[in-house]
Amino acid sequence: MTGTSMSKLDFALDIAARGLPVFLLKPNSDDPFIPNWRAVATTDPGDIRECWKLCPEANIGISTKGLLIIDIDEDCGPESIAKLKSIFAEHSAQYWQTLGCASICTREHKGKGAFMIYALPPGATVETAIDLLAPHISVFGSNDFVVGPGSTIDDVRHEFVPGNTKIEPAPPWLSELCGVELPAESKSMNVVALKKPAPVAPTSAPVKTKLDWALEAAQYIPVHPLRWYVDPGVNATSKEREAAVRSAKAALLTDWPNRATQDPEQIRKWWAQWPDANIGGATNDLVVVDIDPRNGGDETFAELQAIEHFPDTATTRTQSGGRHLIYVTPDGPLKGGTGALGRGVDIKARGGYVVMPGSTIEGRMYTRENARPPAFAPPWIIERLKAAKPKMSAAGKRLVEEDDTAIELFTNWLRDHAPRALYGKIDDTTYKVATKGYDFGCSQATVHELMLGWNETHCDPPGDIERLEVVVESAGRNRENAIGCSHPLAPGFEVVQIDESRAPRSAARVPTSDLIQTSAQFVQGFVPPEYLVDQVLQRRFCYSITAQTGVGKTAVAMLLSAHVGAGRSLGNLDVEQGSVLYFAGENPTDIQMRWLGITRELNIDPATADVHFIPGAMPLSQAAARIAEEVSRKGLQPALVVVDTAAAYFEGDDENSNTQAVAHARRLRALTELPGGPCVLILCHPTKRAADDDLIPRGGGAFLAEVDGNIALQKRESLIVASSLGKFRGRDFAPLSFELKTVQHPVLKDARGRSIPTVVARHLGEVEKQRISADTLSRENQLLETVSAKPDASLRELAELMGWRFKTGQPDQSKVSRALDALAKAKLVRKSGRRWEVTPSGLSELERSTRPTECPETGENRCSSVATDEANIRLKNEPSERATKRVLQSATK
């Protein structure tokens, strides 16, 4: 492989193979990709591949730890080079007899500097020394990094110096000249070796102090001091002991988020002042998986491990038997949360901290489970967590004036939803509560006044009044959102800053013409509906498409996008051709794969398709003007806009807040105002614990009130049925049926050349729908008969008896479980302990379905299961819990 054909990943792997630890630098830059680059520098090929998956064009950084690097900068003249050569000659050493790297300016075709790399003994260190060996010839310190071969910055390309491929050990004379500090055990001692070991008095290993532990932790995480455990006494109640444990984890510094540090000098000062302090590690740029066995964390983690990959990483064993898995996040801070990965598995991230090894509570110590540095967080965790929103350009700006509505909203929120602040977390909770007041549009004085009551009723113990005023002021000064962003009158699609010197605006402009119109005047401006998909979707209307995760809302949305872009009918429904704008906010890579799959399936050329994508989530309030400008500049007239998903573009912090849901829906609805008057489809997750007959978008009635209709996607065995639910303006439509199909594309291959399948949706006509419904009913009847004959059979045994298997040949127990649930909803089977049994109704239906009947055309007897198939032809999209029973009943008539 030549240098020109090598990718950045190839260079990184080549450098690591030479024993040099590498990490990501920003593309076309010498800045580290992440702040904690020292913690993730590695020679492990697997870790390196995972890193460069995140950013294939990233430059390569080389950590100088364990290396002696002599830097020759671009301004070095011939005199300095001659002096360096003479130094080597004095020690009978050859100049440049080790691995080196040069920087070449491709535009000027001349050198821009170089460096030589030598290996140091384990534990040896060196300090940075400018112009140590000659003018413009310096030494890099052990805590630094250099830009590695394969990297490019503007016109400068970095490459290995030809001739030497191996890193040589630093000669002792060179180490001494450069001031290398060797570890004590490596220093030579003027002693005579004993022929046999002399007896040594037993000694114990030195005990590590809290300061030692803090300095060790600071190598990969900013630390700050916590309180220490104070035993409440033998007669203490359980509540008092719990309070003592909580207190031992509380921060000593009121402004710990901004003061946590990796500076050794500051750390020494803190632990000189509080030598017994426990150690906290700030998790702003980290993701910590907190496994709590007391709340079922071990079981949840075992289930996650069965389906997801957790890379080996720095791990802490807590004093209560739990674990902290510490990962680095490459794309900036993420939002954590209790139970974020399931019961008993929390995530500590932005704005939090964890207790670090060396801390002690109730006589038990937090310990390091391994000596690994933090690894990169796996992509599936990053995708699952909701990314912390970047600070918007409108942050801190006032969008609406304070009014009675703002005060009422904040007052009601404080009364009904405000959290309680426990000892040790009062400042943090106070800050969050204050931000809500600003979100509603309250002024600093009002926020402070209303929070005085909250401080008395919700803080344990009540916080200092002067401190409350400081935190409220800080919450306003350091805001991430605009003031009034959750107010019902906040601007929607375009951010508008209000001039606070002017009087507040009213909610709507009062017309200057007569308010009262005649009947003729009123109907004069009627605009007839303009359908994009005939009798289903109208232009300038905003719809939500709501479905449970995994049902197929993205697949259906991409199918509709392809049909609109190509102007192809959907079954017997006419589809108007037009441009499509697709907001791929939740998982752009998955969208790429699905788009390749659906265009191949429909024989559409993706290179010329009239479908346009906006990859990655972003604050629409901030990006709206730019999107509108690009649409206009590129001459687009979108007929359809798809937002995938509503959650990816949510700019609030409480999905259950009515005011935030309304503001979010209005921002999305404003997309109908783009040139062309497009139909807008918003893909939504349902409210928590929603059943199939209650699939309304998250945000509830507040969100639903702002859209023109809600289309629910329901899974019915192998069918996906789309129908209106909850609200639909205009005439209702007959339910549409789809099925999911796994397809492949020649481009979709992994690094080993193996095909990667993707899933697309296919619209089903009436005949196909009837066939699938009949097949489903036939299978349910067979299962009903099998359960009746084998009442003690397990799910696995039932799957084997039914012949239901995965492609691997393993019995498909999940398919049996789903079918039994459908039969149970129809009251044809029920669960008794660990076994299923057929109910009396099920036995009656089974008897009827197998009773011979006379065919009216031939007079022959046949099993009424054939009649069942005929009856199923009359089935019209009924919910699965009623379909089985109704069809069985009609089959016996």
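Strand β15 (residues 314-317) and β16 run antiparallel and are joined by four bridges. This is a predicted model, and β16 is a convenient place to enter it. Within the pairing with β15, alanine 314 has isoleucine 326 of β16 as its bridge partner. The two strands form a hairpin with five residues between them, and glycine 321 in this hairpin adopts a positive phi near 100 degrees.

β16 also pairs with strand β14 (residues 286-291), again in the antiparallel sense, over six bridges. One of the partnerships here links valine 289 to leucine 325 in β16. A further pairing, with strand β22 (residues 375-376), is parallel and consists of two bridges. In this pairing valine 328 stands opposite phenylalanine 376 of β22.

How much of β16 is buried? Of the six residues of β16 (residues 323-328), five are buried, so the strand is largely enclosed by the rest of the structure.

Further along the chain there is a helix pair to consider. Helix α17 (residues 553-566) packs against helix α18 (residues 588-601) at an angle of about 50 degrees, and their axes lie 10 Å apart. Angles between 35 and 65 degrees fall outside both the roughly parallel and the roughly perpendicular ranges, and α17 and α18 are therefore oblique to each other. Their crossing is right-handed.

On the α17 side the contact is made by Thr554, Ala555, Met558, Leu559 and Ala562, which meet Ile591, Arg594, Trp595 and Ile598 of α18. By class, the residues of this contact comprise seven nonpolar, one polar and one charged.

Note on methods: Residues numbered from 1 in each chain as written. Predicted model: local features only at pLDDT ≥ 70, side-chain atom pairs only at ≥ 80, totals over all residues. Heavy atoms only, no water. Axes fitted to C-alpha atoms, helices over the stretch in contact; angles between N-to-C directions. Parallel < 35°, antiparallel > 145°, perpendicular 65-115°, else oblique. Left-handed = near helix turned anticlockwise from the far one by under 90°. Contact = heavy atoms within 4.5 Å. Nonpolar A, V, L, I, M, F, W, Y, C, P; charged D, E, K, R; others polar. Buried < 20%, exposed > 50% of the residue type's maximum accessible area, 1.4 Å probe, protein only. Pairing = 2+ DSSP bridges.
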